[in-house]
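Before any feature is interpreted, it helps to agree on how each one is to be read. The dialogue takes a few such features in turn.

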Amino acid sequence: MKKIGISLLTLLALSGTLMADGAAVYKKCAGCHGAKGEKHALGKSKIINTFTKSEIVAAIKGYQDGTYGGAMKGVMKGQVKNMSEADIKAVADLIGK
C-alpha cells in the first residue's frame, strides 16, 4: 500500500511539471492578439477571445498543418509550429470560452 501511495504522489508531481502554463505560452501571441485575445491581430485576424476552446485548438492545429487561415496563414504557421498538445490546450483554456 505504501508503494502505491508513493507512486501516485510521484505521478501527480510529474503531471504537474508536464502541464503547460497558458499565460507563459500565450506571451508571444499577446503582442498581436492583445493581452486577453481582444484585438484583430495586425488588423487582419478574427478576435480570438470570442472563440470556444475547441475552435482555438482547431485553429492552431490548422495553422500547424496548413489547413486553416487567411492572409496571415504563413506568419501564423511559423508562430505555432512548435506548440505541443499541452501548449495548445493551455492557450485554449486561457483564452477560449
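What follows is a conversation between a learner and a teacher about this predicted model.

Q: Which conventions apply to the model and its numbering?
A: Residues are numbered from 1 along each chain as its sequence is written, and the model is a predicted one, in which local features need pLDDT of at least 70 and side-chain atom pairs count only at pLDDT 80 or more, while totals for chains, interfaces and linings use all residues. Side-chain values use heavy atoms, with hydrogens and water left out.

Q: How many helices and strands does the protein chain have?
A: Helices (H or I, at least four residues) and strands (E, at least two) are taken as DSSP runs and numbered from the N terminus. The protein chain has 5 helices and 0 strands, and its pattern, read along the sequence, is α-α-α-α-α.

Q: What share of the residues in the protein chain is buried?
A: A residue is called buried under 20% relative accessible area, exposed over 50%, and partly exposed in between, with a 1.4 Å probe and protein chains only. Of the 97 residues in the protein chain, 29% are buried. One buried residue is Ile-88, with a relative accessible area of 1%; Ile-88 belongs to helix H5 (residues 85-95), and its C-alpha lies 8.2 Å from that of Gly-22, although the two are 66 residues apart in sequence.

Q: What does the end-to-end distance of H2 show, and where do its buried residues lie?
A: The expected span of a helix is 1.5 Å times one less than its number of residues. H2 has 12 residues, and its end C-alpha atoms are only 14 Å apart, short of the 16 Å that a straight helix would reach. Its buried residues are Gly-22, Val-25, Tyr-26, Cys-29 and His-33. They cover an arc of only 80° around the axis, which puts them on the same side of H2; the arc is that of the directions from the helix axis to the C-beta atoms. On the other side of H2, Lys-27 and Gly-31 are exposed.

Q: How do the expected span and the end C-alpha distance of H3 relate?
A: In H3 the two agree, since its 13 residues should span 18 Å and its end C-alpha atoms are 19 Å apart. Buried in H3 are Ile-56, Ala-59, Ile-60, Gly-62 and Tyr-63. They cover an arc of only 160° around the axis, which puts them on the same side of H3.

Q: How is an aromatic pair read, and how many does a search of the whole structure find?
A: A pair of aromatic rings is described by the distance of the centres and the angle of the planes. Rings of Phe, Tyr and Trp (its six-membered ring) pair if their centres lie within 6.5 Å, and planes under 30 degrees apart count as stacked, over 60 as edge-to-face and the rest as tilted. The search finds 1 aromatic pair. The rings of Tyr-63 and Tyr-68 have centres 5.0 Å apart and planes at 90°, so the pair is edge-to-face. Tyr-63 is buried at 13% relative accessibility, whereas Tyr-68, at 28%, is partly exposed.

Q: What lines the largest pocket?
A: Rolling a probe the size of a water molecule over the atoms shows where empty space is left. On a 1 Å grid over the protein atoms alone, a pocket is an open set of points where a 1.4 Å probe fits, with protein on both sides within 12 Å along at least five of seven lines, and lining residues have an atom within 4 Å of a point. Grid points are joined across faces, edges and corners, and a volume is the space filled by probe spheres set on the points. The largest pocket has a volume of about 550 Å³ and is lined by 27 residues, of which His-33, Ser-45, Ile-48, Tyr-63 and Met-76 lie nearest its centre. The elements giving two or more residues to this lining are helix H2 (22-33), helix H3 (53-65) and helix H4 (73-80), and the largest share, 5 residues, comes from H2. By class, the lining has 19 nonpolar, 5 polar and 3 charged residues, where Ala, Val, Leu, Ile, Met, Phe, Trp, Tyr, Cys and Pro count as nonpolar, Asp, Glu, Lys and Arg as charged, and the others, Gly among them, as polar.

Q: Where is Leu-42 found, and what is its phi?
A: Leu-42 is in the loop between H2 and H3, and its phi is near 55°, a positive value in a residue other than glycine. Leu-42 is exposed, with a relative accessible area of 54%.
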